[in-house]
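This report goes through a single protein model, with attention to how its strands pair, how its aromatic rings meet and how far the prediction can be relied on. The sequence and structure come first, and the description follows.

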Amino acid sequence: METQLDPMKDDLPLMANTNYMLVKHYILDLDVDFKSKVIEGVIVLFFETGSQYRKTNSSGKMGCQSQFDETCKMRAYEPCHVPVTNVSAPSSKTEYNDFAVCGKGEEDTSDKNGNHSNEEQASGISSSKDCCDVEHHGNKDFLLVLDCCDLSVLKVEEVDVAAVSGIEKFTRSAKLTDGSKELENLRNQIVHELVTLPADRWKEQLYYFTRCSQAPGCGELLFTTGTWSLEIRKSGIQTPTDFPHAIRIWYKTKPEGRSVTWTTDQSGRPCVYTTGSQINNRALFPCQEPPVALSTWQASVQTAAGFVVLLSGENSAEPVQLREGILSWYYYVTMPMPASTFTIAVGCWQEVKQQSFTALIQTNTEFSLPSSQAEFRWHEEICDHHVEYPCRFQNPAARMQAVIPYRVFAPQCLTELCEERLLWLVPQCLSAAYNTLGTHPFSRLDILIVPSNFSSLGMA
């Protein structure tokens with residue numbers, strides 16, 4: 001049985017088997033529904049084979065199965081598998097296959113391998129049978145384990161990245177073939193080439209990540225949910241190297257999920273924001289949480305017109321109208337970071353501006369370093385002890401930027417107060433932080449006046 005933990009007292013369990021599969025990039029497509037207090041989403045994960053598996057596999061001393069066996073002994077499950085069709089997918093994701101979750105009263109559709117359908121999950125049936133028990137010709141399938149909690153996972157599938165037009169540049173193969181095994185290897189090779197692109201090609205990388213995330217599926221994957229984990233396998237695949245390196249997951253959050261708070265702002269308008277102090281983002285999307293799991297991400301968030309979406313991203317997003325009454329906001333991050341630093345806040349926020357004040361700040365020499373101090377900082381901040389990414393410390397202009405670009409958002413009833421008391425203070429705080437800590441690692445900052453019932457640590 002899984003140990004029942006108290007998130008207020010106990011450390012969170014690190015379930016993800018990052019030694020064997022490591023997420024390098026997430027792409028999230030989320031719909032925020034304030035009526036149901038649910039965020040419905042599709043997430044695409046791009047993987048690299050983990051370092052420990054590569055080492056042990058090449059040495060021939062140890063396979064990955066031993067950890068799987070130990071992992072399997074520790075968990076109790078809420079089984080589910082979704083070979084269900086004929087129900088429409090979310091409106092913003094109609095390019096994907098249809099799916100459904102059936103309710104109680106349906107017949108047991110578990111297959112001979114012990115995998116179960118959504119009928120069981122919906123009706124709360126649990127089972128001690130776990131997919132580690134399934135054997136193929138005497139060998140067990142590889143099991144991908146992700147960290148998650150309080151999520152309704154609807155469907156998991158492999159993504160056919162080889163179907164993307166122009167993707168041939170990311171493979172050494174002369175041509176794309178239809179041979180089953182060759183095509184599987186080719187897809188994984190494409191993902192490997194994409195996630196290992198040099199940092200100076202980050203725009204191209206994000207472009208192809210997006211294209212690949214929109215590629216068609218090429219087969220559903222079996223999955224099982226536990227209290228703290230989502231476990232995925234592909235029948236007959238026994239090693240991380242052969243496991244699909246690009247997968248797509250349909251899921252929904254739950255209103256009671258502990259990663260987000262649905263509430264009202266100081267003006268009485270509905271809003272939702274992440275609260276990372278309890279279980280991080282496990283109830284927002286399936287992820288990997290061990291310290292080694294640093295990743296980048298892109299996120300598109302759809303919500304009703306009138307709402308503003310703020311999200312941890314390097315760009316200042318502007319809304320795009322998808323259809324009447326629905327806006328989409330897009331953010332991206334190129335610095336590999338823990339999934340727990342992904343933050344989102346959606347509400348009827350208003351940006352607090354004061355044009356004359358902003359112009360004054362931009363020309364005020366009070367926030368510029370003396371030349372001698374700037375030169376010292378330039379030599380002091382040599383940054384070469386991290387994985388490759390478009391690091392701001394290598395940018396001379398960024399090193400001299402005492403006040404990074406920022407935006408201030410607040411509920412309508414507090415905008416005037418923020419103008420009077422906050423706007424003049426922000427650049428001074430940023431400048432003081434720069435003088436003390438050096439170059440800000442990010443290119444911009446959003447500041448939000450959160451609801452008065454905010455009881456979490458600050459959002460990253």
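Two strands are said to pair if DSSP finds at least two bridges between them. In this predicted model, strand S12 (residues 260-264) and strand S13 (residues 270-274) meet that criterion, pairing in the antiparallel sense over five bridges. Within this hairpin, Thr261 has Tyr273 of S13 as its bridge partner, while Gly268, in the hairpin whose strands are separated by five residues, takes a positive phi near 85 degrees.

**Overall make-up and confidence**

The protein has 460 residues, of which 52% count as buried, and it contains ten helices and 21 strands. Its accessible surface comes to about 21500 Å², with 51% of that area belonging to carbon and sulfur atoms. Among contacts between residues at least 6 apart in sequence, 76% join residues at least 24 apart.

The mean pLDDT is 79, and 70% of the residues reach 70 or more. Over residues 61-138, however, pLDDT stays under 50, although the model has 169 contacts beyond four places in sequence for that stretch. Residues 357-361 also have a pLDDT below 50, and this stretch has four contacts in the model beyond near neighbours in sequence.

**A three-stranded sheet**

Strands S19, S20 and S21 form an open sheet in the order S19-S20-S21, with mixed pairing. Because strand S19 (350-351) and strand S21 (445-448) stand at the edges with a single partner strand each, one side of each is left without a neighbour in the sheet. Strand S20 (residues 406-410) is joined to S21 by four bridges, and these two strands run parallel; Phe409 has Leu448 in S21 as its bridge partner.

**Aromatic pairs**

A pair of aromatic rings is described by the distance of the centres and the angle of the planes. The structure holds eleven aromatic pairs, and two of them are set out below.

| Pair | Arrangement | Centre to centre | Angle between planes |
|---|---|---|---|
| Phe142 and Phe243 | edge-to-face | 5.3 Å | 70 degrees |
| Trp297 and Phe342 | edge-to-face | 5.5 Å | 65 degrees |

The pair of Phe142 and Phe243 links distant parts of the chain, 101 residues apart, with Phe142 in the loop between strand S5 (139-140) and strand S6 (144-147) and Phe243 in the loop between strand S10 (229-233) and strand S11 (246-253). Buried means under 20% relative accessible area, so Phe142, at 0% relative accessibility, counts as buried. Phe243 likewise counts as buried because its relative accessibility is 0%.

The pair of Trp297 and Phe342 also links distant parts of the chain, here 45 residues apart: Trp297 is in strand S14 (residues 294-304), and Phe342 is in the loop between strand S17 (326-338) and strand S18 (344-347). Trp297 has a relative accessibility of 1% and therefore counts as buried, and Phe342 is buried with a relative accessible area of 1%. These two residues belong to a wider group, since ring pairs link Tyr26, Phe285, Trp297 and Phe342 into a cluster.

Which residue has its charged end over the ring of Trp250? That residue is Lys155, whose charged end sits 4.7 Å from the centre of the ring.

How values were computed. Residues are numbered from 1 along each chain as its sequence is written. This is a predicted model: local features need pLDDT of at least 70, side-chain atom pairs count only at pLDDT 80 or more; totals for chains, interfaces and linings use all residues. Side-chain values use heavy atoms; hydrogens and water are left out. Rings of Phe, Tyr and Trp (its six-membered ring) pair if their centres lie within 6.5 Å; planes under 30 degrees apart count as stacked, over 60 as edge-to-face and the rest as tilted. Buried means under 20% relative accessible area, exposed over 50%, partly exposed in between (1.4 Å probe, protein chains only). A charge sits over a ring if NZ of Lys or CZ of Arg is within 6 Å of the ring centre and within 35 degrees of the ring normal. pLDDT is the predictor's confidence in each residue, from 0 to 100. Contact means heavy atoms within 4.5 Å. Accessible areas come from the Shrake-Rupley method with a 1.4 Å probe; for residues, only the protein chains shown count as cover.
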